[in-house]
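Student: I have a new structure to learn. Can we go through it by asking what backs each label?

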Amino acid sequence: MQQTALGYGSALLATLIWSGNFVVARALADLIPPWQCNFWRWLVALLVLLPFAGPHLRQDWPGIRKHWGYLSLMGILGVTLMNTLIYKAGQSTESLNMALLVPTAPIVILVFSRILYGEPITPRRLAGVLVVLAGVLILVSRGEWQRLAGLKINSGDFWALGCAFCFGLYSLFMRRRPRQISPLSFNAATFSLGLLCALPFTVAEACLLPLPRLSPTLITGVLYAGIGCSFAAFWFWTLAVDRIGPVQAGIVYYSLPVFAAVASVLVLHETIAPPQVLGGLLVIGGILVATLVVPRQRGR
């Protein structure tokens, strides 16, 4: 029971921290190109992580060498591609489109869990997902359905879908993490390998585009993304998937639009309309329906 509570709490904390990434993406869109933003973010995260992971890396090194292919794949999905796609999407798509597309990651987890692992999609879980989707639609559209009908698909939408797909696969493949590799060693290895894969693209972008100018906003945003969204949030997400599995953690991830709405009020001073409150309640209710374990009564 304690392990389950720790899993759900970790997934919620990771989602809460990640919700601030949308504020960071909007603030840094005109200050730094996507590949460079992503690279410096993960480099900060790696530098913060190494003092904690150092002793574990020495102990887990045989397992890291043995499973370097798996770790490289996780590094590409979680570090090289995922947030680069988000920063790229923010340059050419509306925030409404982003909010609609990013929460589709748990659907990827559900579908591929069924295909790869034969994990059933129970009626209660499906009902919870549908309620959450309804809440997300109300939340991001503010109850004005014509806004959804008037959306135009552009290249940024496909980048956002790519981010959701990468996150879904990352969470799904997390269950294959070798047990001889601790979470700290796993994160340090994937951060390093992901940065290595991103380095050529970052250098090419720096050669082709003007270098970003340092400013308090840029430094603060990169530090938040590196320490919060990368180091802390990925640590919590690793714990969550270990304790409750990728599907249950992915459903908790649906609460991201709720936290993003709160962040927009606190940081950007935006107002929340009544339809957004209704949408937030549906999101939370759907998560409870899909994730709460109902104890079975045993007969005598």
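Tutor: Start with the overall makeup. The chain has twelve helices and zero strands. Keep in mind that this is a predicted model.

Student: What pattern does the chain follow along the sequence?

Tutor: It reads α-α-α-α-α-α-α-α-α-α-α-α. Of its 300 residues, 50% count as buried.

Student: How do you know what confidence the predictor has in the chain?

Tutor: Look at pLDDT, which runs from 0 to 100. The chain mean is 81, and 82% of the residues reach 70 or more. Among the elements, helix 9 (residues 183-208) has the highest mean, 94, and helix 4 (residues 95-101) the lowest, 61. Where pLDDT is low, the predicted coordinates should not be read in detail.

Student: Why is P246 called buried?

Tutor: Buried means under 20% relative accessible area. P246 has 2% relative accessibility, so P246 counts as buried. P246 lies in helix 10. Leaving aside neighbours within four places in sequence, its contacts include I109, S171 and L172.

Student: Which distances separate P246 and M174, in sequence and in space?

Tutor: They are 72 residues apart in sequence and 7.3 Å apart in space, C-alpha to C-alpha.

Student: And V136: buried or exposed?

Tutor: Its relative accessible area is 3%, so V136 is buried. V136 sits in helix 6 (residues 123-141). V136 and L281 are 145 residues apart in sequence, yet 9.9 Å apart in space, C-alpha to C-alpha.

Student: What makes R177 and D242 a salt bridge?

Tutor: The rule asks for a side-chain nitrogen of Lys or Arg within 4 Å of a carboxyl oxygen of Asp or Glu. The closest N and O atoms of R177 and D242 are 2.4 Å apart, and the pair forms a salt bridge. R177 lies in the loop between helix 8 (155-173) and helix 9, and D242 in helix 10, so the pair ties together parts that are 65 residues apart in sequence.

Student: What does D242 do with R179?

Tutor: Their side chains meet in a salt bridge at 3.3 Å, N to O. R179 also lies in the loop between helix 8 and helix 9, so this pair ties together parts 63 residues apart in sequence. The count comes to two salt bridges. R177, R179 and D242 are linked in a network.

Student: Which of the two arginines is buried, and which is exposed?

Tutor: R177 has 5% relative accessibility, so R177 counts as buried. Exposed means over 50%. R179 has 58%, so R179 is exposed.

Student: How do you know that R41 has no salt bridge?

Tutor: Set the distance against the 4 Å cut-off. The nearest side chain of opposite charge, E205, is 14 Å away, and R41 is buried without a salt bridge. R41 lies in helix 2 (residues 34-66).

Student: What lies 3.4 Å from a polar atom of the R41 side chain?

Tutor: The backbone oxygen of A225. Leaving aside neighbours within four places in sequence, R41 is in contact with ten residues' worth of names you can check, among them W18, N83 and F234.

Student: Which residues touch the most other members of the largest nonpolar core?

Tutor: W18, Y170, F186, F191 and W237, out of 70 residues. Helix 10 (residues 216-252) gives the largest share, 16 residues. Leaving aside neighbours within four places in sequence, F186 is in contact with residues including Y70, Y170 and R177.

Definitions and conventions:
Residues numbered from 1 in each chain as written. Predicted model: local features only at pLDDT ≥ 70, side-chain atom pairs only at ≥ 80, totals over all residues. Heavy atoms only, no water. Helix = DSSP H or I, 4+ residues; strand = E, 2+ residues; numbered from the N terminus. Buried < 20%, exposed > 50% of the residue type's maximum accessible area, 1.4 Å probe, protein only. Lys, Arg positive; Asp, Glu negative; His and termini not counted. Polar contact = N/O pair within 3.5 Å; in protein donor to acceptor, adjacent residues only side chain to side chain. Contact = heavy atoms within 4.5 Å. Core = buried A, V, L, I, M, F, W, Y, C linked by side-chain atoms within 4.5 Å.
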